[in-house]
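Visitor: I am new to this structure and would like to learn how to read it, one feature after another. Could you show it to me and begin with the interior?

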Amino acid sequence: MLRFDHGDKKILLARRGEKIFATDVMCTHEEADLSTGFLSEQGVTCPLHLSVFNLDSGVPQNPPAEESVATYNVKIDAGAIYVEI
Ligand code: FES
């Protein structure tokens, strides 16, 4: 996983297998940076209170987070990663 900032957008890029996902980097529960969390088959786990966010939908799988993180379309072309924000 890695984080990049583009203007006021703070984006998480996460690679699982050959697929790359993009979501907002900040947890919707409190101010925690998901890029410092943990990646698993279930999604990305927040490092602060351990809510897991699905990487396809952004939906939290367990409390305390209740709101989804935004997700973004990703395109890979000639080795470059493009995120539609
Ligand atoms: S800050 Fe992420 S679950 Fe609480």
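**Reading the model from the inside out**

Guide: The largest nonpolar core has 13 residues, and those with the most contacts inside it are L12, C27, L34, V44, C46, F53 and L55. A nonpolar core here is a set of buried Ala, Val, Leu, Ile, Met, Phe, Trp, Tyr and Cys residues joined through side-chain atoms within 4.5 Å; buried means under 20% relative accessible area, exposed over 50%, and partly exposed in between, with a 1.4 Å probe and protein chains only. A second, separate core of 6 residues includes L13, A22, Y72 and V83.

Visitor: Before we go on, what kind of model is this, and how are residues numbered?

Guide: This is a predicted model, in which local features need pLDDT of at least 70 and side-chain atom pairs count only at pLDDT 80 or more, while totals for chains, interfaces and linings use all residues. Residues are numbered from 1 along each chain as its sequence is written, and side-chain values use heavy atoms, with hydrogens and water left out.

Visitor: Which residues is C46 in contact with, leaving aside neighbours within four places in sequence?

Guide: Contact means heavy atoms within 4.5 Å. By that rule, and with those neighbours set aside, C46 is in contact with C27, A32, L34 and S51.

Visitor: How many helices and strands does the protein chain have?

Guide: Helices (H or I, at least four residues) and strands (E, at least two) are DSSP runs, numbered from the N terminus. The protein chain has 0 helices and 8 strands. A UniProt record, an unreviewed entry, lists residues 1–83 as "domain: Rieske"; positions from UniProt are given in the numbering used here, feature names are shortened, and annotations may be inferred rather than shown by experiment. Over residues 1–83 the chain is 0% helix and 46% strand, with the end C-alpha atoms 15 Å apart.

Visitor: In what order do the strands of the 5-stranded open sheet lie?

Guide: Strands of a sheet pair through backbone hydrogen bonds, either parallel or antiparallel. For counting purposes, two strands pair if DSSP finds at least two bridges between them. The open sheet of 5 strands has the order β1-β2-β3-β7-β8, and its pairing is antiparallel. Because β1 (2–6) and β8 (80–84) stand at the edges with a single partner strand each, one side of each is left without a neighbour in the sheet.

Visitor: How many bridges join the strands inside that sheet, and which residues face one another?

Guide: Strand β2 (residues 9–16) pairs with strand β3 (residues 19–24) over 6 bridges in the antiparallel sense, and A14 has F21 in β3 as its bridge partner. Between β3 and strand β7 (residues 71–77) there are 2 bridges, again antiparallel, with A22 matched to Y72 in β7. Then β7 and β8 pair over 5 bridges in the antiparallel sense; there V74 has V83 in β8 as its bridge partner, and D77 stands opposite A80 in β8.

Visitor: And what is the order of the 3-stranded open sheet?

Guide: That sheet has the order β4-β5-β6, with antiparallel pairing. The edge strands are β4 (38–40) and β6 (52–53), each of which pairs on one side only. Antiparallel β4 and β5 (residues 43–45) are joined by 3 bridges, and F38 stands opposite T45 in β5.

Visitor: Is T23 buried or exposed?

Guide: T23, placed in strand β3, counts as buried because its relative accessibility is 1%. Not counting residues up to four places away in sequence, T23 touches K10, I11, L12, L55, V69, A70, T71 and Y72.

Visitor: Where should I look for unusual backbone geometry?

Guide: Most residues other than glycine have a negative phi, and most peptide bonds are trans. In the hairpin of β7 and β8, with 2 residues between the strands, A78 takes a positive phi near 55°; at 81% relative accessibility A78 counts as exposed. L50, in the loop between β5 and β6, has a positive phi near 70° and counts as partly exposed at 48% relative accessibility. A cis peptide bond with omega about 15° joins P63 and P64, and P64 lies in the loop between β6 and β7.
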